[in-house]
Amino acid sequence: MNSRASNLYRFSFALFDIISLNVICFLLLMVLESVPVSKPYILFLLVANIAWISCAYVSAVYIGKSRRQDGFFKRSIMALLAFSTLLLLFIVAYNYSYSRLYVFSCMGSFGIVLVVSRTIAMGTSHYLQKQKPFSKKIVVVGYNELSKRLVDIYGEGQSRRKFEVEGYFESAENVKELSKYPILGDLDEVISYSLENKVQEIYSTISPEKNEHIYQMAQEAERNFIRFKLVPDFSSFVNRKVYIDFERDIPILSMRPEPLEEYDGRFKKRVFDVLFSAFVIVAILSWLVPIIAVFIKLSSKGPVFFKQLRSGKNNQPFWCIKFRTLRMNDEANSKQVTRNDNRITRVGKFLRKSNLDEMPQFLNVFMGDMSIVGPRPHMLKHTEEYSQILNEYMIRHFVKPGVTGWAQINGYRGEITEKRQLRGRIEHDIWYMENWSMWMDLKIILLTVYKTVKGDEKAF
């Protein structure tokens, strides 16, 4: 879908949602006799509009780069949950006795409209993609490993769009094996066949550098209203997915997508980190620190906090703050904690098991050295060692380290004794970096709380 159509699609839904929210609130204000049309309720409507626009922006409901319906649905639900939370916080802060029936009817009705509209959009899109009138008849130029992979995807219905693959075009001397799809002819027969059989798209896996006639073929196809697409093969120099961006008319290839390289992504994550960590510091650490400090002091000699240099974003060291859980020792900066480690104090065992020892790291988050969610920071010695074991290890330092992370909730936390454990942790850290979203951060936070309450056997 081109950018203009994508922008129109997103704008249409944004307009529909805002109109729906206001119509629902106004109708309920008129229908419910117990609710007066007064200044507090007009203020509620204004706050509701601001809250929804803010939550929709933070959740990227209307600013995604594609029209993937599943992602659109998830982002909408995330925005709805955040919207409802903000409205309830406003009601508590404003300290006005709003009608509970009105408030929950507004939120519930708007939620139903969102779910129904997204469900209809998803169902309609899925239905249309499967209909024959919306399928495209295509041919593939070139018979090679890349073209066979492409045909497998399109021919087996693995693409989101529906295609009818006619077959390949290739010089007879280059064809050494049979295929499920036929060889339709030589390269000079592509256009004539396409016109006779009403082919809508031609995919060429042969680059113009290898065959100068590809340019002429592309021009002739477009003169006859047949779309011509080049499929570049990057496997000769990189054996993984690559991602293409453009600076004007110059294509730029990158090894991976990085949502947090975009300014709006970093801005949303930082705002969330500051607000969340400020809340934890004021509402929890303000009374928790003195209590835990007393128990730590009673359990063993030494400071309340343990500060250690760890690897941060771009491998810049920072002082990571934790509650001290070990007896004072000379190996704290070189030896990782193991199960049944005799250095762990009695209070420290409880703190580590409950993850309370990590709570002071919200100070690191507030100061900007860490994020709520991200790869867990390792001590400098381990960073040096692990980078020699896995070439991909340093990639995790493209983003800020986190208090919790995708690897941790998937079982890769604690002591590392095997290369397999290290690889699993790094793969999860890189996957998080490539697939980051605010929805994912909230999901990881909730799963972290769940695992903490349930108990994690790897927490020791």
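Two strands pair if DSSP finds at least two bridges between them. Keep that in mind for the exercises below, and remember that you're working with a predicted model.

**Exercise 1: a hairpin**

Task: Find out how many bridges join strand 6 to strand 7, and in which sense the two strands run.

Solution:
- Step 1. Look at residues 243-247 for strand 6 and residues 250-254 for strand 7.
- Step 2. Count the bridges: there are five, and the strands run antiparallel. Pairing needs at least two bridges, so strand 6 and strand 7 pass with their five.
- Step 3. Pick out one pair as an example: Ile244 stands opposite Leu253 in strand 7.
- Step 4. Now check the turn. The hairpin has two residues between the strands, and Arg248 takes a positive phi near 60°.

**Exercise 2: a strand with two neighbors**

Task: Work out which strands pair with strand 4, and whether the residues on its faces are buried or exposed.

Solution:
- Step 1. Start with the general idea: side chains in a regular strand alternate between the two faces of the sheet.
- Step 2. Apply that to strand 4 (residues 201-204): Glu201 and Tyr203 are on one side, while Ile202 and Ser204 are on the other.
- Step 3. Check the cover. Buried means under 20% relative accessible area, and the four residues are all buried, with both faces of strand 4 covered.
- Step 4. Look for the partners. Strand 1 (residues 136-141) pairs with strand 4 in the parallel sense over four bridges, and Ile138 has Glu201 as its bridge partner.
- Step 5. Strand 5 is also joined to strand 4 by four bridges, and these two run parallel. Here Ser204 stands opposite Leu230.

**Exercise 3: positive phi in the loops**

Task: For Asn95 and Phe225, say where each residue sits and whether it is buried or exposed.

Solution:
- Step 1. Take Asn95. Its phi is near 60°, a positive value in a residue other than glycine.
- Step 2. Place Asn95: it's in the loop between helix 3 (69-94) and helix 4 (100-130).
- Step 3. The cut-off for exposed is over 50%. Asn95 has a relative accessible area of 69%, so it's exposed.
- Step 4. Do the same for Phe225, where phi is again positive and near 60°. Phe225 lies in the loop between helix 7 (213-223) and strand 5 (227-230).
- Step 5. With a relative accessible area of 77%, Phe225 is exposed.

**Exercise 4: salt bridges**

Task: Find which residues Lys269, Lys322 and Arg376 meet in salt bridges, and which parts of the chain these pairs link.

Solution:
- Step 1. Recall that side chains of opposite charge can pair when their charged atoms come close. The count for this model is eleven salt bridges.
- Step 2. Lys269 meets Asp441 at 2.7 Å, N to O. This pair links distant parts of the chain, 172 residues apart: Asp441 is in helix 14 (residues 438-454) and Lys269 in helix 8 (residues 263-299).
- Step 3. Check how covered they are: Asp441 is buried at 1% relative accessible area, and Lys269 is buried at 7%.
- Step 4. Lys322 meets Asp357 at 3.4 Å, N to O. Asp357 lies in the loop between helix 9 (346-353) and helix 10 (361-367), and Lys322 is in strand 9 (residues 317-323), so the pair ties together parts that are 35 residues apart in sequence. Asp357 is buried at 3%, and Lys322 is buried at 10%.
- Step 5. Arg376 meets Glu358 at 2.9 Å, N to O. Arg376 is in the loop between strand 10 (371-373) and helix 11 (380-389), with Glu358 in the loop between helix 9 and helix 10, so this pair ties together parts 18 residues apart in sequence. Arg376 and Glu358 are buried.
- Step 6. Put it together: Lys322, Asp357, Glu358 and Arg376 are linked in a network of salt bridges.

**Exercise 5: surface patches**

Task: Name the residues in the nonpolar patch, and say which helix gives the largest share.

Solution:
- Step 1. List the members: Tyr57, Val58, Ile63, Tyr263, Phe267, Val271 and Leu275, with about 660 Å² of accessible area together.
- Step 2. Helix 2 (39-58) and helix 8 each give two or more residues. The largest share, four residues, comes from helix 8.
- Step 3. Take Val271 in helix 8: at 34% relative accessibility, Val271 is partly exposed.
- Step 4. For contrast, look at the patch of negative charge on the surface, with Glu173, Asp186, Asp188 and Glu189. Glu189 sits in the loop between strand 3 (183-185) and helix 6 (190-196), and is partly exposed at 37%.

Notes:
Residues are numbered from 1 along each chain as its sequence is written. This is a predicted model: local features need pLDDT of at least 70, side-chain atom pairs count only at pLDDT 80 or more; totals for chains, interfaces and linings use all residues. Side-chain values use heavy atoms; hydrogens and water are left out. Buried means under 20% relative accessible area, exposed over 50%, partly exposed in between (1.4 Å probe, protein chains only). Patches are made of residues with over 30% relative accessible area and no salt bridge: like charges are joined within 9 Å, nonpolar side chains (Val, Leu, Ile, Met, Phe, Trp, Tyr) within 5 Å. Accessible areas come from the Shrake-Rupley method with a 1.4 Å probe; for residues, only the protein chains shown count as cover. A salt bridge is a side-chain nitrogen of Lys or Arg within 4 Å of a carboxyl oxygen of Asp or Glu. Lys and Arg count as positive and Asp and Glu as negative; His and the chain ends are not counted. The place of a charge is taken as NZ of Lys, CZ of Arg, CG of Asp or CD of Glu.
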